[in-house]
Amino acid sequence: MQTNSDRAALELALGEQINALLSASRALSERSAAHFHEGLQPAAFHIARWLYAFGPARPSAVAEAVGMDRSSTSTLIGRMRSLALLDASRAPDDGRSVIVALTEEGRRRVAATLDERGREFSARTRDWPDDDLATLVTLLARFVADA
C-alpha cells in the first residue's frame with residue numbers, strides 16, 4: 001500500500017525531472033535558434049517555426065500563438081524581414097493589415113534546424129526499445145492534456 005510520503009516523494013521526483021526537461025528544452029531551443037540564424041534571439045525561431053507549421057498570418061496572430069507581446073513580435077518580424085527570412089504583404093481582406101510568411105530561405109533554415117533537432121532526439125533515444133519510446137510519448141501526451 002502506498003503512503004502519503006511515498007506519493008509526495010514521487011511527486012517531488014516528477015517535479016525535478018520536469019525541471020530538468022525544461023532546462024534541457026531551453027538549452028536545445030537556444031542551440032536551435034543559433035542554428036536557424038546566429039544573429040537572432042531564440043524567440044525568432046519560435047516565430048519562424050510557427051509560420052513553418054501554420055503558414056502566413058497576421059503578426060498579432062503570430063504573437064498570440066507563440067505567447068509574445070505584439071511589440072516584441074513586431075521587432076523580431078522586422079529583423080527577420082531585414083535578413084530576408086520573412087516577407088510581408090497586404091492582407092487580401094483588409095488592405096491595412098499585413099500578412100507575414102517565411103521566404104524560401106526562411107523555410108530552408110527552419111527545415112534544416114528541425115532536422116538538426118530531430119537528430120538530437122534520435123541520438124538520445126536511439127538505444128531505447130520502441131515500447132519505451134511509445135510509453136514516453138503516451139505519458140507525456142497524457143500529462144500535457146491534463147494541464
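Start with the surface representation: the protein exposes about 10,000 Å², and carbon and sulfur atoms supply 54% of that area. Keep in mind as you go that this is a predicted model.

Now colour the charged side chains. You'll find 18 positive and 20 negative ones, and the centres of the two sets lie 8 Å apart. Colour by burial next, and 24% of the 147 residues come up as buried.

Switch to cartoon and zoom out. There are six helices and two strands in the protein, and going from the N terminus the order reads α-α-α-α-β-β-α-α. The radius of gyration is 19 Å, well over the 15 Å that the globule rule gives for 147 residues, so the protein is more spread out than a compact globule. Turn the C-alpha trace along its principal axes and you can see the spans: about 65 × 30 × 25 Å. If you like contact maps, take the contacts between residues at least 6 apart in sequence: 53% of them join residues at least 24 apart.

**Stop 1: helix α1**

Select residues 4-36, which make up helix α1, and pick out Ala33 within it. Is Ala33 buried or exposed? It's buried, since its relative accessible area is 2%, with under 20% as the cut-off. To see what surrounds Ala33, leave aside the neighbours within four places in sequence; the residues in contact with it are then Gln41, Pro42 and Phe45. While you're here, draw a distance from the C-alpha of Ala33 to that of Glu16: the two residues are 17 apart along the chain, and the atoms are separated by 26 Å.

**Stop 2: the hairpin**

Move on to residues 86-91 and 94-102, which are strands β1 and β2. They run antiparallel, with six bridges joining them, and the hairpin gets from β1 to β2 through two residues. Two pairs are worth clicking. Ala91 stands opposite Asp94 in β2, while Ser89 has Ile99 of β2 as its bridge partner.

**Stop 3: the loop before β1**

Step back from β1 to Ala84, in the loop that lies between it and α4 (70-82). What is the phi of Ala84 near? The answer is 60°, a positive value in a residue other than glycine. That deserves a second look, because most residues other than glycine have a negative phi. Toggle the surface back on and Ala84 shows up as partly exposed, at a relative accessible area of 43%.

**Stop 4: the loop after β2**

Finish at Thr103, in the loop between β2 and α5 (104-125). Thr103 counts as buried, because its relative accessibility is 10% and the cut-off is under 20%. Which residues does Thr103 touch, not counting those up to four places away in sequence? Show Ala84, Leu85, Leu86 and Asp87 as sticks and you have them. One of these, Ala84, is the positive-phi residue from the previous stop, so keep both selections on screen: partly exposed Ala84 is in touch with Thr103, which counts as buried.

Technical notes. Residues are numbered from 1 along each chain as its sequence is written. This is a predicted model: local features need pLDDT of at least 70, side-chain atom pairs count only at pLDDT 80 or more; totals for chains, interfaces and linings use all residues. Side-chain values use heavy atoms; hydrogens and water are left out. Helices (H or I, at least four residues) and strands (E, at least two) are DSSP runs, numbered from the N terminus. The radius of gyration is taken over C-alpha atoms; the globule rule is 2.2 Å times the number of residues to the power 0.38. Buried means under 20% relative accessible area, exposed over 50%, partly exposed in between (1.4 Å probe, protein chains only). Contact means heavy atoms within 4.5 Å. Accessible areas come from the Shrake-Rupley method with a 1.4 Å probe; for residues, only the protein chains shown count as cover. Lys and Arg count as positive and Asp and Glu as negative; His and the chain ends are not counted. The place of a charge is taken as NZ of Lys, CZ of Arg, CG of Asp or CD of Glu. Two strands pair if DSSP finds at least two bridges between them.
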